[in-house]
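Got the model open in your viewer? Grab the selection tool and follow along.

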Amino acid sequence: MNGTDPGADRPGADRPARIDARTAARLATLAAAAFVYVTFEVFPVGLLQDMADDLGVPAGRIGLLLSGYAVVAAVVTMPTVALAARVSRRTALLVCLLVLLAAELMAALAHDYPTMVTSRVAAALTHGVLWSLIAPEAAGLVPRERVGTATAAVFGGATLASIVGSPGTTLIGQLIGWRATALLLALATAAVTGALAWALRRRPEGGPAEAPARTGEGVRMDRRAVLTLCGVALVLVTAHFLSYTYFSVLVAGITGSAGSVVTLLTVFGLAGAAGTFLVGRHNDTAPRRTATATMTAFTAGVGLLLLGSAPLPGAVAAAVATVAVALWGGAFAAAGPVFQTGIMRLAGDDADRASSIYVTGFQIGIASGSALGAALLDGSPAWLPAVSTALATAVLLAVTLRRPIPEANPAGAPEAVEQQRSPSAGGCQLLPGHRPGGVSGVHPRGDAQGRRG
């Protein structure tokens, strides 16, 4: 299996190769893993006040559960990814989900703040490993021209967490309590773990092996470009989580109703689904224009949220909040695949390491945004969208003027990647992780990093 439609090799087949059903199922399983991880990561967002009241701490300290999670993930991502390289990618991903399962069970049993902190730290320890491996794994299943689609598909799991996970846990938590909700999430994680074990099981002799992080020797990562793109992403994530961490407080303040939180979280998630769908259609052909459009929408969304914080009639405030949340949610969901695909295109033969740098920057952004938001919340909630808008404007200018997102066409790819060819594939160019016809230029020990299946 090579993840492509056999008809793509026939004369006249100039369209991008389709993703076959088995590959689509594997991508869906990876997306499900992203779903449960992100749902637990943002678990406190919609239940912030309930958790604060139950655990006897201020709302700001529950918000710090997000920033603390991110700090731990940022610190441990690169060393844990290096450690994970000693085992198969399948094993590493399964361990990540088992650790998440333990953390969710701990949260379900938490009756004090320190236990809840311990639960969050446990999940954060393997967060970076999962996100560093899941994108290269997805990219390794498809041909070069479909890497944006595959990345968007996996990020669809994170988007689904916004549509179903976050509002769902908020609604269920209001009905049966946040601890019981954490237990239900643990059951879902157990099911996903079993599905992933099946999807990434060892294949019969002669079938495709695990997707390697690198497919050839001598294709170097463009480290400067990767660091630049990660820096821009860090500012974007800071802008987002500065306001998103305190979504329930911000939205209730604008609309005057705590009951609007679940509704607008759902709007946020549905818009994210639309954003993920659109970016999947355009990110493989026009990534720079896609990035510019995405950041324009994001800046407009958080800017409207600031407008909604002004004194307005109730109906007008609710309408402004709805439009703002829709633009904000759709744009941020689209930004993930745009930036991650850009990292993959700059990664050369070191996709796992490049992804670990990106994930580290992402987590630093979450921590910075959540912590800065906690400080600003002591003043006026209006400061949250104000600072988010300023940071988003800086990112929009960087994306438009500096253009850190690489082009998708061969001319925009690193020269070393461009020159990398497979004799067995008739000279077709390889994306790191792709194996035409099941043939892989992997390391003799098992894959490009010497992993053992």
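Here is a short walk through one helix, a surface patch and a single threonine.

Before clicking, note that this is a predicted model, where local features need pLDDT of at least 70, side-chain atom pairs count only at pLDDT 80 or more, and totals for chains, interfaces and linings use all residues. Residues are numbered from 1 along each chain as its sequence is written, and side-chain values use heavy atoms, with hydrogens and water left out.

**Stop 1: helix H8.** Select residues 178-199 (helices are DSSP runs of H or I, at least four residues, numbered from the N terminus). At 1.5 Å a residue, its 22 residues should span 32 Å (1.5 Å times one less than the number of residues), and the end C-alpha atoms sit 31 Å apart, which agrees. Now color the buried residues (under 20% relative accessible area, 1.4 Å probe, protein chains only; exposed is over 50%), among them Trp 178, Leu 185, Val 192 and Leu 196. The buried residues of H8 cover an arc of only 145° around the axis (taken from the directions from the helix axis to the C-beta atoms), which puts them on the same side of H8. Their packing partners include helix H1 (21-41), helix H5 (89-109) and helix H7 (147-176). Flip to the other side of H8 and you'll find Leu 187 and Ala 191 exposed.

**Stop 2: the nonpolar patch.** Pick Leu 171, Ile 172, Leu 175, Ile 176, Leu 184 and Leu 187, with about 570 Å² of accessible area together. H7 gives the largest share, four residues. Zoom in on Leu 175 in helix H7: it is exposed, at 66% relative accessible area.

**Stop 3: Thr 290.** Jump to helix H12 (residues 287-308). Thr 290 is buried, at 11% relative accessible area.

Conventions:
Helix = DSSP H or I, 4+ residues; strand = E, 2+ residues; numbered from the N terminus. Contact = heavy atoms within 4.5 Å. Patch = residues over 30% accessible without salt bridge, like charges linked within 9 Å, V, L, I, M, F, W, Y side chains within 5 Å. Areas by Shrake-Rupley, 256 points an atom, 1.4 Å probe, with all protein chains shown as cover. Salt bridge = Lys/Arg side-chain N within 4 Å of Asp/Glu carboxyl O.
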